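Student: Could you take me through one part of this structure slowly, looking closely at how its aromatic rings are arranged?

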Amino acid sequence: MKQSVFGLVVALSLTACKEEPRGKMEPIPRPPGMKDAPPPAEAAPAAAAEPPVDPSKVVLRWKIAQGAPTSYRLDIERTGGASASTDENTRPKSARGKGKEKPAPVAAALPGPVTYFMERTDSGDYRLRVVPVGGNADADTATLSERGFVLDGLQGATRNTATLVLELPRDPVGPGDAWSLGTELIRVEALGPQFQAGQPERSNRVKLASLTPADGGEQVATLEYDISEKLAGTVLAKDAPPTSPARAAEEDAEADDSERPRPRATPESSSSAEVRITGRGEFLVKAGRWRSWEGTVSSVTKGGFPTAALQVPTGALKLRLTAVESAPTPTAQPQQ
């Protein structure tokens with residue numbers, strides 16, 4: 001009896017050893033007609049490497065360290081008159097033979113020589129102050145990008161002149177490459193309702209003429225400027241004032257009956273303005289500053305062109321930029 005019980009226990013133990021372990025999952029057979037699963041996708045190829053930098057091109061940028069501002073003085077010399085009209089036939093008949101005609105006011109005249117004071121703030125932004133030399137005018141302030149583009153601040157001739165001598169190209173450039181500046185020499189919005197403007201003619205070109213090596217691994221980038229803008233149109237004459245209220249009513253009735261315009265005091269006249277800027281500068285690529293910069297600005301108007309639309313002074317000017325060692329002392333508080 002004991003042997004029978006012992007044999008039964010041994011048999012049960014051997015059976016338990018042959019059982020599959022608990023938790024084991026049997027594979028589910030694939031239904032007929034179903035295709036095999038696609039192989040796992042290969043890893044995406046690595047991003048294409050950026051093209052190598054062209055050794056014949058350079059990036060022109062201002063290099064201003066915090067606490068080490070850069071200053072330049074812009075000297076302005078007038079080389080030509082500031083006449084607002086160069087066409088004798090455009091003067092009123094009543095004014096001819098009675099002395100010189102009073103010149104039209106210059107709306108965009110520069111205050112004279114100025115000092116550009118560029119610095120880098122604690123936040124890393126570039127700030128510009130335009131300080132008049134020897135005057136009591138307030139200093140103009142602006143924010144700049146690293147390439148000298150005016151982001152905010154400055155108006156009229158002050159903005160155009162700062163753009164001319166401070167703005168550098170956005171992309172890398174090599175000898176022969178050209179780009180444009182953010183200048184606006186004639187502001188069409190300021191022409192007034194009496195002026196009917198034609199299509200403006202614009203040419204805005206700055207070229208890297210050469211790139212030459214210098215001492216200490218420096219490179220000198222020579223830039224040439226040729227910018228012009230021309231606009232012509234017609235100045236509409238104002239209606240002649242009526243001699244009396246009764247006559248005004250009669251003229252209105254006549255205009256309604258005949259569908260003819262009311263008489264004008266003076267005939268319409270043609271008018272135009274032309275602005276030209278040329279210049280040449282040598283920029284030190286490694287140091288990130290000008291070695292020299294000179295240019296000319298000339299503007300001529302004919303007829304009754306609204307001088308308020310000009311964003312440069314009338315006449316002819318010679319500009320010269322010179323580095324100064326010390327920071328300028330403002331003559332008045334900067335505008336906020």
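**The rings around Trp 62**

Tutor: Trp 62 and Phe 283 are both buried, and in this predicted model they make a good place to begin. Their rings form an edge-to-face aromatic pair, with 5.5 Å from centre to centre and 90° between the planes. Because Trp 62 lies in the loop between H1 and S1 while Phe 283 belongs to strand S10 (residues 269-284), this pair ties together parts of the chain that are 221 residues apart in sequence.

A search of the whole structure finds 5 aromatic pairs, and another of them joins Trp 62 to Tyr 72, again edge-to-face, at 5.9 Å centre to centre and with 65° between the planes. Here the loop that holds Trp 62, between helix H1 (2-17) and strand S1 (70-80), is linked to Tyr 72 in strand S1, the two residues being 10 apart. Trp 62 has a relative accessible area of 2% and is therefore buried, since buried means under 20%. Tyr 72, with a relative accessibility of 2%, counts as buried for that reason too. Taken together, Trp 62, Tyr 72, Phe 283 and Trp 290 form one aromatic cluster.

To place this cluster in its setting, consider the whole protein chain, whose secondary structure comes to 3 helices and 12 strands. Of its 336 residues, 32% count as buried, and among contacts between residues at least 6 apart in sequence, 70% join residues at least 24 apart.

Technical notes
Residues numbered from 1 in each chain as written. Predicted model: local features only at pLDDT ≥ 70, side-chain atom pairs only at ≥ 80, totals over all residues. Heavy atoms only, no water. Phe/Tyr/Trp six-rings, centres within 6.5 Å; stacked < 30°, edge-to-face > 60°. Helix = DSSP H or I, 4+ residues; strand = E, 2+ residues; numbered from the N terminus. Buried < 20%, exposed > 50% of the residue type's maximum accessible area, 1.4 Å probe, protein only. Contact = heavy atoms within 4.5 Å.
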